[in-house]
Each structure stands twice: as C-alpha cells, then as structure tokens.
Amino acid sequence: MNFFAKIKTQQTTILYSLVSVVMYYIFAYHLQRADFGKLFALYAALFIMAYKLIETNRHNLNLLLGLAILFRVIFLFATPSLSQDFYRFIWDGTLTLNAYNPYETSPQDWLTRLDVLKEIIPNYKTLITGMGSLSAGNPTNYPPFSQAIYAITVWLGDNSIVKTLVAMRVLTLLAEIGIFYVGRKILLQLNLPQERIFWFLLNPFIIIELTGNLHFESLLVSFLLFSLYLLFKNKWKLAAFFFALSVLTKLFSLLLLPLFFYYFIKKKGLSFYKLLGFYTLVILFTALGFLPFYSKEFFFNFTESIGLWFNSFEFNASFYYVLREIGYYFTGYNTIEILGKILPVLSVISILCLSFLRKNYPEKNLLTAMLFAFCAYLFFSTTVHPWYLSLPLLLSIFTRYRFMLVWSFTIILSYTAYTSLETSENLGLVSLEYLLVIGVLLFEIYKKPLEKKFLKF
C-alpha cells in the first residue's frame, strides 16, 4: 500500500470511528426502548460502520481491538435502556452478599419481611419496580457462578447502582478481551483469518446487548471458548472445569455436551474412556458449584423457574408461533402447555441426531455441529431474547456459515414489542426476521457460503 493510500485509509478509519463513537453515545445515553425508529436507524448505521472498519483494517488487529474496547467504554456509566434485567442481578447479588439464598424466595415474597429487607437492601423499591412484576414475582433462575459475579460487583459498587453497573461492565470487558485472545488462537489453529473474531467483538449486537444491556453471555462465551481451546490441545480435564464454569454461568452450555461423543473417539490422544471422564468432571464441578445454594426450596424453585421458560413465557419465537396459530385454529385456545412439552423434546432429538449421526471431527465439524445444535434449540424455543444469539454468533465465525450475522441484525426487529407500555409483538416483523434468517441459512446449505458472494471481509 503506497503512502497516499495509507493516508486515505487512515482518514476513512477515523471518520468511521468518530461516527460510531457518536452513535454509541446516543445509544447509551439518549435512547429509549420505545423509540424503535431511532433505535433501528442507529443499529443499522452501526452495522455499516462495523463492516467498513473491519474491511478497511482487516490486518490491523490491535486497532480493531482498541476500537472494540473504546466503543464499550462509552457505555461505562450508562443505565441500560433496552433491558431491566440488571435490577434483578443487583437484587440477587445483594441477597447473596448478605448470606441469603436468592433461590429460596421471590422479591415479592420479601415484601412480607420489610424490617429485614430495609436493612439489607435499602433501595429495594427501586430494584423491585425496575425489574418488573414478572421478575419480581418469581424466584431467580440464574446459576451459581452468575450469582457470585452479581455479589462481587455489588460489593465493589458499595450499594450504589451506578458503581455496580460500572463494575459489571468492567468485568464484561475483561471477558471479551479474553474472547479476543482465545478466539484468535483457535482461528490460527483452524487456519482461518484472525480478523474473523471481530465479526463478534465489533458487532453492534454484541456491544449493545452484552456491554450496553449487561447480559453476562460474555462470561458464558469466554469460558466455553477457553474450554474448547484446551480440549483441542487434549487438555480435557482442565477443559471440563471451564465447561462447568460456562454451565454455572448460563445453563445453555449443557445443550452442547452430547456433541463431544465422536470428537473424543476420533481425536488422537482422546478416547471413549476420557469422554466419560470429561462428562464426569463436568457434572462434578457443576454439582459443586450448586452445592452452597442447595436446599429443598432451591430445588423446587429453580426447576419451576426453568419450566416457566418452556410452558408459560413466549417471545420472538419461530416454529412455536406457527404451531400456536395452528393450535388456535383447531382448539380455540393457546396450546403453550402442550407445545412447551413437545418442542424441548424436538430440540433434544435434533441435538442427539447431530451428536450420533454426524461425524463431529475434526474441530471445524465439531464447531459446526455446535452451531446447528444451538440454533435448533432456538428455533424450537418459545422464548428467544436477543442476547441468546451471542453463543451461536461466536460459534459461526469458526465455520463457513454467515446466517448468524444476518440474525444478529434482524433480531433488532424483536424490540418493536416494546413500543407501547404493554409488551405487544409485531408478528409480521417477527416473521420477517425468521424468513430472512432461515432463507439465508437454506441458501448457504444448498448453494454457496454467503461470505463468497457478499461478505468478503
């Protein structure tokens, strides 16, 4: 590249970076969830900026990492405007910090013990109002390592909501820097371009949902990624420990456990007996993580809370909404209680087929199977919140498939549900979201990889 071309590239990078900084600042401090028009315009523009930045600086990884950090730092002192879950995180963390088991009672139940509540959570009214009636009316369903993180950040925040949010974001940032370094190593091992990691780290969806809205999928992803890296080096015992940490952060990782069967059998240095050892250690480490919180109430409340996601909650679903409409036509009522039992079974069958009927070796095949297994779970789910896409988006960068990049953009359409005081989904836009995603997926399966036709960065 000659001198003038370099100058032009630098000017372009500076322009795109400054525009992105301004838009992320507006996103963080001057945007309300109900203003979907403004939300969509900013989101779409940020996607264009991210594409241009990666395309222009694909060989300057340090610059791209610096920009990824800079864009996240903008959110440091912001109160999330697109999600209210952080109020529940602070509530759970405060209870844990004060040696109360957050799994035993709901926030609403605590209102009958105001004398104790005022002492341990002085700002309890703000937290209960902020988290909303649905969260406040149910015991927590966040696993133990997440509870530990909530407690640590509340302690660092010294009972200040703003300081706690800062602590949470710093922790998220550290996790995503870890994703950069480990992700690069895996890309190098697979002989893939290192800049692919920025399809995740510079993706506006990830910056907004994980750093901005404070969802801890960044920890889930970092632990799972480190586990895979260790496993690829045949360090299966240590890999089991980090896999268990990912489960203890978010339970989603459990869906991927069956997929290791063929990999362990075929990989040199691994075996069926080591697979059994891996599974045993994952179960043991996970059980030890739950042990400090175990009680009769914990077991009942935790399993009941998990069950609600399948039998009561519905948001941004795909196949479920189609089947629900068919159910309405034939029965005249919502058949979620029936479908909520059938669809998880279909998810499990899909994952088992990918595990035992597909050759998940070498590493690229395993990662592709993981991608499709998790997407099968999402397609059969009754509830698909935007941040659920974080894990499959990361997995996709190690494969030839780019439909997750499309989904990370179209998922913004789900926020039309919040344009009024009462959550009300626009099923036309939900249909558009999934038609585009499934259309691209089928195109990539039966035609050519999308990256060879359109996404050439």
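## A guided tour of an all-chain view, a helix and two residues

Start with the whole protein in cartoon view: it has 24 helices and 0 strands (DSSP runs, H or I of at least four residues for helices and E of at least two for strands, numbered from the N terminus). The radius of gyration is 22 Å, close to the 23 Å that the globule rule gives for 457 residues, so the protein is as compact as a globular protein of that length; the radius is taken over C-alpha atoms, and the rule is 2.2 Å times the number of residues to the power 0.38.

Before you zoom in, note that this is a predicted model, in which local features need pLDDT of at least 70 and side-chain atom pairs count only at pLDDT 80 or more, while totals for chains, interfaces and linings use all residues. Residues are numbered from 1 along each chain as its sequence is written, and side-chain values use heavy atoms, with hydrogens and water left out.

Still at full view, the C-alpha trace spans about 70 × 55 × 50 Å along its principal axes. Of the 457 residues, 55% count as buried (under 20% relative accessible area, with exposed over 50% and partly exposed in between; 1.4 Å probe, protein chains only).

**Select residues 204–212.** This is helix H12, and 9 of its 9 residues are buried. Among them are Phe 205, Ile 206, Ile 207, Ile 208 and Glu 209. Now add Asn 203: at the start of H12, one of its side-chain oxygens reaches to within 2.9 Å of the backbone nitrogen of Phe 205. Just after the helix, Leu 214 takes a positive phi of about 60°.

**Select Thr 13.** You are now in helix H1, residues 3–29. Is Thr 13 buried or exposed? Thr 13 is buried, with a relative accessible area of 6%. Show Asn 57 as well, since the two side chains make a polar contact at 3.0 Å (a pair of N or O atoms within 3.5 Å; within protein, one must be able to donate a hydrogen and the other to accept it, and residues adjacent in sequence count only if both atoms are side-chain atoms). Not counting residues up to four places away in sequence, Thr 13 touches Leu 53, Thr 56, Asn 57 and Leu 63, where contact means heavy atoms within 4.5 Å.

**Select His 30.** Look in the loop between H1 and helix H2 (36–56). His 30 is partly exposed, with a relative accessible area of 45%. Leaving aside neighbours within four places in sequence, His 30 is in contact with Tyr 25 and Lys 38. For a last stop, draw a distance to Tyr 320: the two C-alpha atoms, 290 residues apart along the chain, are separated by 35 Å.
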